[in-house]
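Colleague: Got a minute to go through this one with me? I'd like the contacts and the confidence.

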Amino acid sequence: MESGAVRVAFDSSLEAEYSAAGTTYSKLPSSRYRGVVPQPNGRWGAQIYKRQKRVWLGTFVDEAEAARAYDVAAQRFRGRDAVTNFVPLSAEDEEGALALAFLAKHSKAEIVDMLRKHTFLDELRHSKRASAGAFGVSRRRAQSYHETARVMLFEKAVTPSDVGKLNRLVIPKQHAETHFQFWSGTAEGSKGVLLNFEDAAGKVWRFRYSYWNSSQSYVLTKGWIRFVKEKNLKPGDVIRFWQSTGPEKQLYIERRDAESPVRLFGVNISEGQAG
DNA sequence: GTATGTGTTGAT
DNA sequence: TCAACACATACG
C-alpha cells in the first residue's frame with residue numbers, strides 16, 4: 001500500500017494547492033472508510049448521521065483513526081446492527097464486553113465529546129483498570145491486546161517438523177535478524193532468552209528464543225509444543241507475529257484465520273499501515 | 001493565517 | 001443515511 005512518506009508528500013501537495021490561492025479548490029481524495037471525509041488540509045474528519053442531522057466526531061491525522069472513531073460512535077448510536085469499518089465489538093470476549101459496557105454507561109454526547117477530544121481510548125483504559133480491580137482480573141491482561149496498537153512483524157507457514165515432536169519452531173533467519181534483532185544478541189552464543197507472546201485470547205505464552213549453532217538457525221523452543229497442541233497446529237498453518245508499537249514492545253502470536261480481522265481499537269494491521 | 005466543522009445538495 | 005463540495009467561522 002502507500003508508505004507514510006508517500007502519503008505525507010501527497011497531502012502536502014494538496015495542502016499547497018489549497019492554501020496557495022485561498023479560494024482555489026481541487027478535488028479531495030475520498031476515504032475508503034465509512035463516516036470519514038477528507039479535510040482540505042489533508043486530515044480526515046469523522047461524522048455520523050442521526051435523525052437527518054450530522055454529528056461531527058472530530059478531525060484526525062490518520063484516516064483509519066477517523067474510521068475507528070466512526071465505529072465507536074456507530075456502535076454507541078446504533079447498537080448491535082451498526083455497520084462498522086472494522087470488526088465490531090463483541091460481548092463474547094471480555095475485552096469487547098468491557099468496551100460495550102463502557103459505551104452503554106456514557107451518553108451519546110459524552111462519547112462524541114471523547115472522540116472529538118481524542119480521549120476515548122484513555123477513558124476506556126481507565127474504566128478498564130477500575131473494573132479489572134472489581135472483578136479480580138489481572139491488570140496486565142485487561143490492558144493488552146484490543147486497544148494496543150500493533151504491527152505485524154512476519155508470518156510463517158509452519159512445517160511438519162515445526163509442529164512435530166521436536167518442540168521447536170524455526171524462525172526464518174531473515175525474519176529473526178530483522179524483527180528479533182533486539183534479542184538476537186542474547187540468543188546467539190548463549191542459552192537464549194525467554195520471550196512472552198500474547199495470543200488473540202490474551203493468553204500469554206512463554207517460549208525460549210535461541211540460536212542453534214549446529215543448524216545455524218534461530219528457534220523457539222521450550223514451551224512451543226504446548227502452543228502447537230492447544231492451537232492444534234497442522235503443517236501449512238500460518239502463524240503471525242506481531243509487536244505493539246508502544247514502548248513496551250509486547251510480542252504477539254496468533255494463527256492466521258480465514259480473515260484476520262482488523263481490531264477495532266488496534267491500529268490497522270492487515271492493510272499494511274505499519275510505520 | 002490555518003484548521004475545523006457547517007450549510008447544502010445530490011446520490012444511494 | 002451518506003459523502004462531496006463550498007465556505008463561514010473558530011481558533012491560536
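Modeller: What follows is a quick run through a predicted model, topic by topic.

Colleague: Start with confidence. What is the average pLDDT of chain A?

Modeller: Chain A averages 74. Of its residues, 70% score at least 70.

Colleague: Which residues at the start of the chain have pLDDT below 50?

Modeller: Residues 1–25. In the model that stretch still has 20 contacts beyond near neighbours in sequence.

Colleague: And by element, which has the lowest mean pLDDT and which the highest?

Modeller: Helix α1, residues 4–21, has the lowest mean, at 36. The highest is β2, at 95.

Colleague: What about residues 266–275?

Modeller: The pLDDT stays under 50 there too. The model gives residues 266–275 26 contacts beyond four places in sequence.

Colleague: Now the fold. How many helices and strands are in chain A?

Modeller: Nine helices and 10 strands. The chain has 275 residues, and 42% of them count as buried.

Colleague: What share of the contacts comes from residues 24 or more positions apart?

Modeller: 52%, taking the contacts in chain A with a separation of 6 or more.

Colleague: How much surface does chain A expose?

Modeller: About 14,700 Å². Carbon and sulfur atoms supply 52% of that area.

Colleague: On to the DNA. Which residues come nearest to strand C?

Modeller: Lys 27, Ser 30, Gly 35, Tyr 49 and Arg 78, out of 16 residues around DNA strand C. Sugar and phosphate make up 59% of the DNA strand C atoms that come within 4 Å of the protein.

Colleague: Which elements supply at least two residues of that surface?

Modeller: β1 (36–38), β2 (44–50) and α2 (63–78) each do. By class, the surface near DNA strand C has seven nonpolar, four polar and five charged residues.

Colleague: Give me the phosphate distances. How far is Arg 34 from a phosphate oxygen of DNA strand C?

Modeller: 2.7 Å, from an N or O atom in the Arg 34 side chain. With Gly 35 it is a backbone N or O atom, 2.6 Å from a phosphate oxygen of DNA strand C.

Colleague: And the bases? What does the Gln 47 side chain come to?

Modeller: A base nitrogen of DNA strand C. An N or O atom of the Gln 47 side chain is 3.5 Å from that nitrogen.

Colleague: Back to Lys 27. Where is it, and is it buried or exposed?

Modeller: Lys 27 sits in the loop between α1 and β1. Lys 27 is exposed, because its relative accessible area is 75% and the cut-off is over 50%. Its C-alpha is 9.3 Å from that of Pro 40, 13 residues away along the chain.

Colleague: Other DNA strand now. Which residues come nearest to strand B?

Modeller: Gln 39, Arg 43, Arg 54, Trp 56 and Arg 116, among 10 residues around DNA strand B. Of the DNA strand B atoms that come within 4 Å of the protein, sugar and phosphate account for 53%.

Colleague: Where does the largest share of that surface come from?

Modeller: Strand β3, residues 53–60, with four residues. By class, the surface near DNA strand B has two nonpolar, four polar and four charged residues.

Colleague: What does Arg 54 reach there?

Modeller: A base nitrogen of DNA strand B, which lies 2.6 Å from a polar side-chain atom of Arg 54.

Colleague: And how far are Trp 56 and Thr 59 from phosphate oxygens of DNA strand B?

Modeller: For Trp 56, a side-chain N or O atom is 2.8 Å from one. For Thr 59, the side-chain distance is 3.4 Å.

Colleague: Switching to the protein itself. Where is His 106, and what does it contact?

Modeller: His 106 is in the loop between α3 (94–104) and α4 (108–117). Setting aside neighbours within four places in sequence, His 106 contacts Arg 76, Ile 111 and Met 114.

Colleague: Why does His 106 count as buried?

Modeller: Because its relative accessible area is 15%, and buried means under 20%.

Colleague: Last one, Ser 217. Is it buried or exposed?

Modeller: Buried, with a relative accessible area of 15%. Ser 217 is in strand β8, residues 217–221.

Colleague: What does its side chain reach?

Modeller: The backbone oxygen of Ser 215, at 2.9 Å. Leaving out neighbours within four places in sequence, Ser 217 contacts Val 170, Ser 210, Tyr 211 and Trp 212.

Terms used. Residues numbered from 1 in each chain as written. Chains lettered and ligands numbered in written order. Predicted model: local features only at pLDDT ≥ 70, side-chain atom pairs only at ≥ 80, totals over all residues. Heavy atoms only, no water. Near = heavy atom within 4 Å. Polar contact = N/O pair within 3.5 Å; in protein donor to acceptor, adjacent residues only side chain to side chain. Nonpolar A, V, L, I, M, F, W, Y, C, P; charged D, E, K, R; others polar. pLDDT = per-residue confidence, 0-100. Contact = heavy atoms within 4.5 Å. Buried < 20%, exposed > 50% of the residue type's maximum accessible area, 1.4 Å probe, protein only. Areas by Shrake-Rupley, 256 points an atom, 1.4 Å probe, with all protein chains shown as cover.
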